[in-house]
Amino acid sequence: MKKNKLLLVCIMTLAISSSIGFSTKSEVNASSYPQLTEEAIVIKKGDTLYSLSKKYNVSIKELMNRNNLSTDKIIAGKNLIIPAKIQNVITINRGDTLYSIAKKHKTTVEELKKWNKLSTDTIYEGQSLIVALQELNVTIKKGDTLYALSKKYGVTVDELKVWNNLKNNTIFVGETLIVKQIPSVYILIQKGDTLYSIARKYQTTVNDLKDLNNLSSNTIVVGKKLRVK
């Protein structure tokens, strides 16, 4: 994309706690969290919301909500904000299959079905799909063992060994250990949504939503992404 047609307009980094957090790397730090970055593009002659939704892997509804559009008509020369995308959640496009998505994101069909609670291989255009997991990490303390940690976090010793590339059961105090792999789910805030209504829908609490999204108040903005898990 030409540099004069691209603006970075919003960056938000999710916060984590000092002792336990979510990361895509083996070490817990704020910079390892996905960043929400939006683009402002200049609409070209011939562009439509449909063509732009395909190009930027977002839905037409997301584009309309983010830009406060009441119709799908757009005008050449005007700016259009492309909503932020989360790396581990994609929108399914026409022609996509679980096999093609698994190959692209270096995972398996079985994993995709498990993460998204799919009972069949059927997926639909416009559907959101988790394609990667966040990792729950802890710092090993004196007295910790793989067996004790597996019981605490509801996983198996073998899973802990695979996730951490361990050849035996030996672990060391002060090391960081992956103890669970968790799908992180994001939604697009719709008109009329509140933290309370979202919390009820996704069986969580307002305080948990605020913690996950580093919110200091209950105010949320239509068109923005909100992490719900």
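A polar contact is a pair of N or O atoms within 3.5 Å; within protein, one atom must be able to donate a hydrogen and the other to accept it, and residues adjacent in sequence count only if both atoms are side-chain atoms. Ser 197 gives an example: a polar atom of its side chain lies 3.0 Å from the backbone oxygen of Thr 194.

The structure is a predicted model, in which local features need pLDDT of at least 70 and side-chain atom pairs count only at pLDDT 80 or more, while totals for chains, interfaces and linings use all residues. Residues are numbered from 1 along each chain as its sequence is written, and side-chain values use heavy atoms, with hydrogens and water left out.

## Confidence and overall make-up

The predictor's confidence in each residue is called pLDDT and runs from 0 to 100. Its mean over the chain is 74, and 76% of the residues reach 70 or more. Among the elements of the chain, helix α3 (residues 98–104) has the highest mean pLDDT, 89, and strand β2 (residues 20–23) the lowest, 31. Over residues 1–37 the pLDDT is below 50, and this stretch has 87 contacts in the model beyond near neighbours in sequence; a contact means heavy atoms within 4.5 Å. Where pLDDT is low, the predicted coordinates should not be read in detail.

The chain has eight helices and ten strands. These elements are DSSP runs numbered from the N terminus: helices are H or I runs of at least four residues, and strands are E runs of at least two. Of the contacts between residues at least 6 apart in sequence, 62% join residues at least 24 apart.

A residue is buried when its relative accessible area is under 20%, exposed when it is over 50%, and partly exposed in between (1.4 Å probe, protein chains only). By this rule, 35% of the 229 residues in the chain count as buried. The chain exposes about 14100 Å², of which carbon and sulfur atoms supply 52%. Such areas come from the Shrake-Rupley method with a 1.4 Å probe, and for residues only the protein chains shown count as cover.

## The largest nonpolar core

A nonpolar core is a set of buried Ala, Val, Leu, Ile, Met, Phe, Trp, Tyr and Cys residues joined through side-chain atoms within 4.5 Å. The largest one has 13 residues, and those touching the most other members are Leu 98, Ile 101, Leu 112, Ile 123, Leu 129 and Val 131. Helices α3 and α4 and strand β6 each supply at least two residues of this core. Leaving aside neighbours within four places in sequence, Ile 123 is in contact with Ile 92, Asp 96, Thr 97, Leu 98, Ile 101 and Leu 118.

## Salt bridges

A salt bridge is a side-chain nitrogen of Lys or Arg within 4 Å of a carboxyl oxygen of Asp or Glu. A search of the whole structure finds three of them.

| Acidic residue | Basic residue | N to O distance |
|---|---|---|
| Glu 125 | Arg 94 | 3.5 Å |
| Glu 111 | Lys 114 | 3.5 Å |
| Asp 121 | Lys 113 | 3.0 Å |

Glu 125 lies in the loop between α4 (109–115) and β6 (128–130) and Arg 94 in the loop between β5 (89–91) and α3, so their salt bridge ties together parts that are 31 residues apart in sequence. Glu 125 is partly exposed, with a relative accessible area of 40%, whereas Arg 94 is exposed at 63%.

Glu 111 and Lys 114 both lie in helix α4, three residues apart, which is about one turn of the helix. Glu 111 is partly exposed at 25% relative accessibility, and Lys 114 is exposed at 54%. Lys 113, the partner of Asp 121, is partly exposed, with a relative accessible area of 22%.

## Side chains that reach the backbone

Ser 53 belongs to helix α1 (residues 49–55) and is buried at 5% relative accessibility. Its side chain reaches the backbone oxygen of Tyr 50 at 2.6 Å. Apart from neighbours within four places in sequence, Ser 53 is in contact with Val 58, Ser 59, Ile 60 and Leu 63.

Asn 164 is found in the loop between α6 (157–163) and β8 (176–182). What does the side chain of Asn 164 reach at 2.8 Å? The partner is the backbone nitrogen of Ile 178. Asn 164 is buried at 17% relative accessibility. Not counting residues up to four places away in sequence, Asn 164 touches Thr 176, Leu 177 and Ile 178.

Ser 197, the example given at the start, lies in helix α7 (residues 195–201). Ser 197 is partly exposed, at 31% relative accessibility.
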